[in-house]
Amino acid sequence: MPQDERTQLQELEVLHPDTLLLVWKDGHETLYRHRALRESCACAACVDEWSSKAILDPATLPEDLTILRCDRTGRYGLNIAFSDGHSSGIYSLRSLRDECPCRECTLTRGKPPQVEGTDS
Ligand SMILES: [Zn+2]
Ligand SMILES: [Zn+2]
């Protein structure tokens with residue numbers, strides 16, 4: 001499978017105010033919870049540019065946080081606006097796919113590459 005299809009979006013939809021659906025060109029579907037997205041924002045207001053330390057304290061996010069809108073930006077990015085007024089975050093499609101929280105991807109990521117015949 002070409003790498004390109006893995007990291008290119010077929011569809012993008014805010015399913016619920018708290019859930020974002022990404023459908024990739026290779027047919028895989030990723031559901032992201034708003035809070036996970038908001039907390040992983042890597043913009044200059046959320047992560048210190050010099051130290052790479054998180055500035056954002058997840059505890060300060062409103063309980064009723066929602067996704068207001070989600071737009072593609074360029075070929076490789078997504079811009080998401082949240083109800084807490086934050087809309088400067090750009091999320092790279094590649095990292096969104098690499099960090100897909102679905103069971104299948106989580107299991108694949110958690111395992112070292114399979115080597116034949118090492119099961120005991
Ligand atoms: Zn941010
Ligand atoms: Zn997945």
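Me: If two residues are in contact when their C-beta atoms, placed from the backbone, lie within 7 Å, which residues is phenylalanine 82 in contact with in this predicted model, leaving aside its neighbours within four places in sequence?

Reply: The model is a predicted one, and the contacts of phenylalanine 82 are taken without its neighbours within four places in sequence. Under that restriction, the residues in contact with phenylalanine 82 are His34, Arg38, Leu65, Ile67, Leu68 and Ser87.

Me: Which element gives the largest share of the largest nonpolar core?

Reply: The largest nonpolar core is made up of 12 residues, including Leu20, Tyr32, Ile67 and Phe82. Two or more of its residues come from each of β2 (19-24), β4 (67-73), β5 (77-82) and α3 (93-98). The largest share amounts to three residues, and the element that gives them is β5.

Me: Which residue in β2 is the bridge partner of leucine 12?

Reply: Strand β1 (residues 9-16) runs antiparallel to β2 and is joined to it by six bridges, while a hairpin links β1 to β2 through two residues. The bridge partner of leucine 12 in β2, which is also a member of the largest nonpolar core, is leucine 22.

Me: What is the phi of glycine 27, in the turn between β2 and β3?

Reply: β2 and strand β3 (residues 29-33) run antiparallel and are joined by five bridges, with leucine 21 standing opposite leucine 31 in β3. The two strands form a hairpin with four residues between them, and in its turn glycine 27 has a positive phi of about 95°.

Technical notes: Residues are numbered from 1 along each chain as its sequence is written. Chains are lettered from A and ligands numbered from 1 in the order in which they are written. This is a predicted model: local features need pLDDT of at least 70, side-chain atom pairs count only at pLDDT 80 or more; totals for chains, interfaces and linings use all residues. A nonpolar core is a set of buried Ala, Val, Leu, Ile, Met, Phe, Trp, Tyr and Cys residues joined through C-beta atoms within 7 Å. A residue is buried if 20 or more other C-beta atoms lie within 10 Å of its own, exposed if 12 or fewer, and partly exposed in between; C-beta atoms are placed from the backbone. Two strands pair if DSSP finds at least two bridges between them.
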